[in-house]
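Hi there,

Here is the model I promised to pass on. Have a look at it first, and my notes follow underneath.

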Amino acid sequence: MDDGRRTHFRTCNLCEAMCGIRIELEGERIAGIRGDDDDPFSRGHVCPKAVALKDLHEDPDRLRRPVRRTASGFSEITWEEALAEAAERLHAVQERHGRDALGVYFGNPNVHNLGALVFGPLLLRALRSRNRFSATSVDQLPHMFASYLMLGHQLLLPIPDIDRTDFMLMLGANPLASNGSLMTAPDVKTRLRAIQERGGRLVVVDPRRTETARIADEHVFIAPGTDALLLWSLLQVVLEEGGARLGHLASVCDGLEQVQALARGFCPEQTAVHTGVPAEVTRRLARGLLEAGSGVVYGRMGCSTQAFGALCQWAINLLNLVTGNFDRPGGAMFTSPAVDALDLPKGLGVGRGSFGRWRSRVRQLPEFGGELPVACMAEEMLTEGPGQIRGMLTLAGNPVLSTPNGARLDEAFAGLETYVAVDLYVNETTRHAHIILPPTSPLERSHYDLIFHMLAVRNTAKFSEACFEPPADAKHDWQILLELKQRLEKLRGVGVAQRLMDEALLRLGPDRMVDLGLRAGPYGGRFGLGKDALSLRRLRGEPHGVDLGPLKACLLERLPKGRIELAPKLLVEDLERLRAAFGEAAVVDGGDARPLRLIGRRHLRSNNSWLHNAERLVKGKDRCTVLMHPDDAAARGVEDGGRVQVRSRVGMVTAAVELTRDIKAGVISLPHGWGHDREGVELRVARAHAGVSLNDLTDELAIDELCGNAALNGLEVTVGPA
Ligand SMILES: Nc1nc2c(c(=O)[nH]1)N[C@H]1C(S)=C(S)[C@@H](COP(=O)(O)OP(=O)(O)OC[C@H]3O[C@@H](n4cnc5c(=O)[nH]c(N)nc54)[C@H](O)[C@@H]3O)O[C@H]1N2
Ligand SMILES: Nc1nc2c(c(=O)[nH]1)N[C@H]1C(S)=C(S)[C@@H](COP(=O)(O)OP(=O)(O)OC[C@H]3O[C@@H](n4cnc5c(=O)[nH]c(N)nc54)[C@H](O)[C@@H]3O)O[C@H]1N2
Ligand code: SF4
Ligand SMILES: [Mo]
């Protein structure tokens with residue numbers, strides 16, 4: 001329009017909820033950001049972080065040009081200099097010390113970034129290092145592990161059909177703060193309330209009475225790290241009282257008898273002493289699940305990042321299976337995404353998964369899906385000897401704040417021979433980089449959610465155009481990654497064919513890949529030409545997105561091997577570890593001077609380790625506080641509002657304490673992603689609201705020993721007045 005006003009519609013890419021947003025523009029200025037009422041999925045909902053897209057775009061601390069670290073801080077250099085030096089450095093480390101001497105960390109924002117998802121894996125593969133790490137192993141690894149072993153594909157993840165369920169049993173998740181995870185459900189609060197409005201029930205199991213627990217019909221306190229026991233007791237009651245109702249999946253399931261036999265060992269009366277959940281409550285919950293028209297058990301971070309995360313996700317799948325709620329409306333369902341990463345031509349899609357093909361050098365932790373657990377990253381850098389990591393490449397991540405024993409990792413990064421980062425900021429990790437390559441801002445890119453459409457509670461498709469034309473000298477993540485790959489291969493003397501291929505990909509870009517995926521997918525007519533067939537062109541004409549309907553039963557078509565393994569050997573064997581761990585130890589009931597158990601928490605206005613540089617998201621009362629039960633405080637001489645020292649095997653932090661009966665006695669909570677007050681961090685606002693890092697307390701030795709995921713929750717700590 002002539003006055004320079006326009007409205008731009010897109011999807012917010014900050015968390016998993018995929019909210020549609022409406023950006024009002026006056027020339028190049030963002031006049032406002034609000035929810036898009038016409039988005040068929042999010043229906044106008046947004047959270048306070050959506051407006052932070054403006055802050056992020058305009059943030060003077062956000063890097064716009066590549067920088068090199070010098071004795072007096074970072075200084076800007078040209079892209080040519082930066083890419084050439086970055087490639088030479090990465091190449092030199094591998095030449096000098098071998099391929100595995102270069103480690104890579106692939107951070108969380110990559111999964112919210114179309115270009116990085118499409119082209120990042122090409123660079124990662126080209127590096128041919130076994131020392132690949134990502135946020136997966138401080139997150140959803142157990143879900144992928146269980147799907148890999150039970151269903152034959154790591155990304156065939158069950159999604160709770162919350163829009164139709166009559167009974168939802170939620171463990172270790174707080175969607176009212178997180179907006180949902182492995183459950184893309186914009187406006188989740190309204191969706192949860194709707195369960196109640198149609199006469200259903202929501203039950204939350206959590207060591208803290210969370211925002212979500214407050215709106216639930218029932219909240220059950222549990223001792224951290226004991227969910228696997230509760231879940232197996234639920235299985236015991238369900239199988240004893242309801243029998244196995246595998247329904248339409250009965251003929252493809254193997255191992256039912258073994259599961260039935262195993263469940264007998266987990267009477268609710270026996271597990272209650274450890275979980276703190278009374279046996280009658282467990283029985284009531286099991287009956288609730290059996291009696292509901294449809295029901296679903298859903299467990300997330302609290303259940304995933306703990307010592308028995310894989311056992312938890314296995315048991316959750318089993319509960320949904322044996323109650324007949326797997327792949328059934330109102331239960332745990334599977335998406336039929338418009339771009340199906342499970343079904344793309346080889347090389348482009350996501351592999352079925354792998355486990356234990358190699359092990360980490362120092363601690364012998366197993367590979368999963370081509371990656372090693374990030375809990376062993378620091379020791380691989382710090383332990384001398386052949387195969388030691390001497391150089392790192394981090395892509396959109398901040399592992400110093402995000403992974404266990406961050407302080408040790410901090411020290412490890414400081415000592416590297418080479419470190420190249422692709423990131424928007426000089427954060428707690430990238431401050432150690434020799435070169436930082438900054439991508440465009442999210443509003444300067446097109447977007448399609450390759451991952452979150454696959455994890456959504458409804459089938460939809462939406463493509464977002466870039467809101468702004470990027471500056472002439474800016475590069476997208478995917479361009480940086482592909483150009484790095486090209487330069488590395490040139491240094492290695494890779495053949496012409498490969499180079500031509502990369503040239504072609506650089507010209508093609510990620511949008512064309514989305515088009516290919518859409519046309520190859522279930523709504524694209526499998527390359528047919530139907531008028532309504534989904535294509536990029538069609539999505540471009542529908543800026544609010546396209547609704548493809550509720551989830552459909554589709555598992556039988558999607559199972560790669562056509563069978564479901566109910567009792568995978570690795571998981572069955574791991575039950576021994578669970579039994580051994582809870583042989584004699586008594587429940588943590590708090591109120592005395594024994595060590596406490598530390599858990600994390602999220603806040604609506606935070607996003608992992610970043611977005612704290614947006615004033616409007618950090619202003620107000622300090623959020624990086626310790627929550628503690630008054631009885632535990634009294635036993636330690638701690639006063640409300642005072643400061644406490646929290647100590648673990650690996651570190652100590654000091655923070656303000658808030659006393660509350662909303663946390664189970666014996667447990668304390670501290671949020672993660674804070675601790676910005678480190679030398680060299682270039683985040684002015686965040687530094688003024690620094691907080692302390694939870695991951696200076698979490699222990700890299702605390703892992704789920706089966707799959708290697710970090711056990712961030714349930715750590716033993718001691719607390720006293722500061
Ligand atoms: N104790 C504890 N620790 C946790 C958790 C917990 O619950 N408790 N949660 C864990 C979970 S679930 C996760 S996913 C991890 C996340 O941890 P990380 O993988 O480290 O991810 P973030 O903290 O989101 O990384 C933020 C960095 O990515 C950069 N960035 C953002 N967008 C882009 C982009 O488009 N391109 C590029 N190149 N860079 C970008 C930002 O500038 C910022 O520096 O933290 C984990 N750590
Ligand atoms: N605002 C905001 N939204 C986010 C993020 C963010 O940082 N901020 N991060 C995004 C990311 S990367 C992810 S992975 C998702 C995570 O989304 P969620 O899985 O919903 O994560 P949390 O909010 O950390 O909720 C975990 C809950 O587990 C509880 N808990 C801790 N230990 C245990 C235990 O042993 N057993 C049980 N039953 N419960 C336990 C905690 O008290 C907490 O309430 O959120 C995403 N959305
Ligand atoms: S809930 Fe998530 S996707 Fe929606 S506006 Fe907030 S940050 Fe963006
Ligand atoms: Mo995450």
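Which residues does Leu506 touch, not counting those up to four places away in sequence? Leu506 touches Trp478, Gln479, Leu482, Glu483 and Gln486, where contact means heavy atoms within 4.5 Å. Leu506 sits in helix α18, residues 496-520 (helices are DSSP runs of H or I with at least four residues, numbered from the N terminus). The C-alpha atoms of Leu506 and Phe119 are 9.4 Å apart, although 387 residues separate the two along the chain.

Before the rest, some housekeeping. This is a predicted model, in which local features need pLDDT of at least 70 and side-chain atom pairs count only at pLDDT 80 or more, while totals for chains, interfaces and linings use all residues. Residues are numbered from 1 along each chain as its sequence is written, chains are lettered from A and ligands numbered from 1 in the order in which they are written, and side-chain values use heavy atoms, with hydrogens and water left out.

Now the domains. The chain divides into domain 1 (5-58), domain 2 (67-129 + 373-449 + 463-544), domain 3 (146-337 + 557-577) and domain 4 (588-721); these bounds come from an automatic or database domain assignment.

I spent some time on the interface of domain 3 and domain 4. Their C-alpha centres lie 28 Å apart, and 26 residues of domain 3 are in contact with 23 residues of domain 4. About 1900 Å² is buried between the two, with carbon and sulfur atoms giving 58% of that area (buried area is the accessible area, with a 1.4 Å probe, that two parts lose on being put together, summed over both). On the domain 3 side, Arg208, Pro224 and Thr305 lose the most area to domain 4, together 29% of what that side buries.

There are 3 salt bridges between domain 3 and domain 4, each a side-chain nitrogen of Lys or Arg within 4 Å of a carboxyl oxygen of Asp or Glu. The side chains of Arg214 and Asp662 meet in a salt bridge at 2.2 Å, N to O. Across this interface, 9 residue pairs are in polar contact, both residues at pLDDT 80 or more (a pair of N or O atoms within 3.5 Å; within protein, one must be able to donate a hydrogen and the other to accept it, and residues adjacent in sequence count only if both atoms are side-chain atoms). Helices α5 (175-178), α12 (301-304), α13 (309-322) and α21 (569-581) each supply at least two residues of the domain 3 side that touches domain 4. The largest share of that side, 4 residues, comes from α21.

Finally, the ligands. Ligand 2 is surrounded by 32 residues, the closest being Ser178, Asp206, Asp227, Ser606 and Asn608 (near means a heavy atom within 4 Å). An oxygen atom of ligand 2 is 2.9 Å from a polar backbone atom of Asn174, and a nitrogen atom of ligand 2 is 3.4 Å from one of Leu604.

Around ligand 1 there are 30 residues, and the closest are Tyr105, Ser402, Asp423, Asn427 and Ser609. A nitrogen atom of ligand 1 lies 2.6 Å from a polar backbone atom of Ser402. An oxygen atom of ligand 1 is 3.3 Å from an N or O atom in the side chain of Trp610.

Best wishes
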